[in-house]
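Trainee: I would like a close look at one part of this model. Please take the contact between the two chains and walk me through it.

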Amino acid sequence: MKRTIPLIIVITLCFLFAAHTFIPHKISQDFFDWYLDWVRAIAPFSVVLGIMSMTMNHSARIQRKTPNWHYSIVTLVGLYFTAAAGFIWGTQEGTPYMWIFRNVQMPMGATMFALLAFYIASAAYKAFRARSAEATVLLLAAIVVMFGQVPIGVQMFGEGILDVTQWILDVPNLASKRGIALGVGLGMVATSLRIMLGIERTYLGGGQ
Amino acid sequence: MFEIFSNWVAAFFTLCIFSFLYKDNPFYRFAEHLFVGVSMGYAIPLTWNASMIPNVYRPIFLQHRFELIFPALLGALYIFTFNRKLNWLSKFPIAFGMGLVGMGVPMSMNAGVLVQMRGAMIPIQDINTFLVWVGTVTILLYFFFSKAHTGAYGKIVKVGIWYMMLGFGASFGYTVMARISLLIGRIQFLVIDVVQNTIRFFGS
């Protein structure tokens, strides 16, 4: 019963909205607009779920004094202090909230991604050492595309590198992306149909 | 003076993250945990202002659309996710949101399949359109798992793998360039914004 009612809601709404796509009648459109208003009102509460999950997880670590539990205090202080700064002083430019964003969150986020440059180089080296034909093709395509993006590439290999880069992007890359997009599209249709017909129920959890 | 201080705070956290290149250490862990907390904390007021105020507070309390109290209560049921006995209540807002999946069937079919097929079904006028056609067909054959990739079929499928490797290589090249661009940005920040500005400030 506890799983059947949500399942009936999902199946009914799925069939109604699938039909709405083909028959955009005024009644159907009004119902869809009403539904969107409801979904928009429900959505912000999902953030509460994230906050609760994070708080409970890190509080449990602190209470149990698991290894490295001190860092959980840092996470919780960061979480609540930043949120409080946004609510107390506002989110406009020049507030403590924006100062935290510009001088704490943004530099760390950018550096995290910059750090990946080193690991990508390491992964490329490992792929090269694998000495398989596929890995070599991948690496060669990457090197050509990279040199085609920077002035030093043109200086080293001439204007031809730009044409080769453009050809890789327009021909094999396009075919590759199209083949994968078709596969993903068919996969999405299949998964949506499984949910619509009630075969896929993992989103309802495993309990009774 | 405050700008110099702000830059030094940003530089400290930047160096904390970079310290991971040497090995995992307490400075990195401190910055990593703070980053997670601050990122989540940053999202809360944004969600409040961009979603809670215009979609819940304003319609109910200012426009008096009291029927929206029901979805708000439905959304509040999310909190029972962590309660073993009342966990089933949290499935209702999830189920309500999943209704949109029904719309996804025709929309995915259109955007993901038909548009791509329309792009693929063009007259073969030159060698490049022929190569694109060959690539698309062989990649689709690669993803057809009901037949073993052996014999002549395996060789055709191999062509698809090569096409995919070229495509992945192009994406990989772009990703590396984006990451290096970010790295240059961080190095410029450390050298110009932090070191040079500090020297200029204390030198003047």
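Mentor: What follows goes from the whole contact to its helix pairs, its cores and a few single residues. Keep in mind that this is a predicted model.

Start with the overall count. Chain A puts 105 residues into the contact, and chain B puts in 99 residues. On the side of chain A that touches chain B, the elements giving two or more residues are helix 1 (4–22), helix 2 (26–42), helix 3, helix 4 (70–89), helix 5, helix 6, helix 8 (160–170) and helix 9. Helix 9 of chain A gives the most, with 21 residues. By class, this side of chain A has 76 nonpolar, 22 polar and seven charged residues.

Now two helix pairs. Take helix 1 of chain A and helix 5 (residues 101–120) of chain B. Their axes come within 6 Å and cross at roughly 40 degrees. That angle makes helix 1 of chain A oblique to helix 5 of chain B. The crossing of helix 1 of chain A with helix 5 of chain B is right-handed. From helix 1 of chain A come Leu13(A), Cys14(A), Phe15(A), Leu16(A), Phe17(A), Ala18(A), His20(A), Thr21(A) and Phe22(A). They meet Val101(B), Gly102(B), Met103(B), Val105(B), Pro106(B) and Met107(B) in helix 5 of chain B. By class, that contact has 12 nonpolar, three polar and no charged residues.

The second pair is helix 3 (residues 45–64) of chain A with helix 2 (residues 26–62) of chain B. These two pack at an angle of about 155 degrees, and their axes are 11 Å apart. Helix 3 of chain A and helix 2 of chain B are therefore roughly antiparallel. Their crossing is left-handed. Val47(A), Gly50(A), Ile51(A) and Met54(A) sit on the chain A side of this pair. Met40(B), Ala43(B), Ile44(B) and Thr47(B) meet them from helix 2 of chain B. The class count for this pair is six nonpolar, two polar and no charged residues.

Next, the cores. The largest nonpolar core has 23 residues. Those touching the most other members are Ala141(A), Ala142(A), Val145(A), Ile168(A), Ala175(A) and Leu166(B). Five helices each supply at least two residues of this core. From chain A they are helix 5 (96–130), helix 6 (133–149) and helix 9 (172–196). From chain B they are helix 6 (127–142) and helix 7 (151–203). Look at Ala175(A) within that core. Setting aside neighbours within four places in sequence, Ala175(A) is in contact with Leu131(B), Val132(B), Gly135(B), Thr136(B), Ile139(B) and Tyr163(B). There is also a second, separate core of 20 residues. Its members include Val10(A), Trp38(A), Ile195(A) and Tyr78(B).

Now some single residues. Thr82(A) is in helix 4 of chain A. It has 25 C-beta neighbours inside 10 Å, so Thr82(A) counts as buried. Leaving out residues up to four places away in sequence, Thr82(A) touches Tyr97(A) and Ile100(A) in its own chain, and Val38(B), Gly41(B) and Tyr42(B) in chain B. Its C-alpha atom is 48 Å from that of Val164(A), 82 residues apart along the chain.

Arg61(A) belongs to helix 3 of chain A. With 19 C-beta neighbours inside 10 Å, Arg61(A) counts as partly exposed; the buried class begins at 20. Leaving aside neighbours within four places in sequence, Arg61(A) is in contact with Thr66(A), Trp69(A) and Ser72(A). The C-alpha atoms of Arg61(A) and Ile73(A) are separated by 9.3 Å, with the two residues 12 apart along the chain.

Last, two loop residues. Most residues other than glycine have a negative phi. Asn68(A) is not a glycine, yet its phi is positive, at about 65 degrees. Asn68(A) is in the loop between helix 3 and helix 4 of chain A. It has 10 other C-beta atoms within 10 Å, so Asn68(A) is exposed. In chain B, His64(B) also is not a glycine and has a positive phi, about 55 degrees. His64(B) lies in the loop between helix 2 and helix 3 (69–76) of chain B. With 8 C-beta neighbours inside 10 Å, His64(B) counts as exposed.

How values were computed. Residues numbered from 1 in each chain as written. Chains lettered and ligands numbered in written order. Predicted model: local features only at pLDDT ≥ 70, side-chain atom pairs only at ≥ 80, totals over all residues. Core = buried A, V, L, I, M, F, W, Y, C linked by C-beta atoms within 7 Å. Buried ≥ 20, exposed ≤ 12 C-beta atoms within 10 Å, placed from the backbone. Helix = DSSP H or I, 4+ residues; strand = E, 2+ residues; numbered from the N terminus. Contact = placed C-beta atoms within 7 Å. Axes fitted to C-alpha atoms, helices over the stretch in contact; angles between N-to-C directions. Parallel < 35°, antiparallel > 145°, perpendicular 65-115°, else oblique. Left-handed = near helix turned anticlockwise from the far one by under 90°. Nonpolar A, V, L, I, M, F, W, Y, C, P; charged D, E, K, R; others polar.
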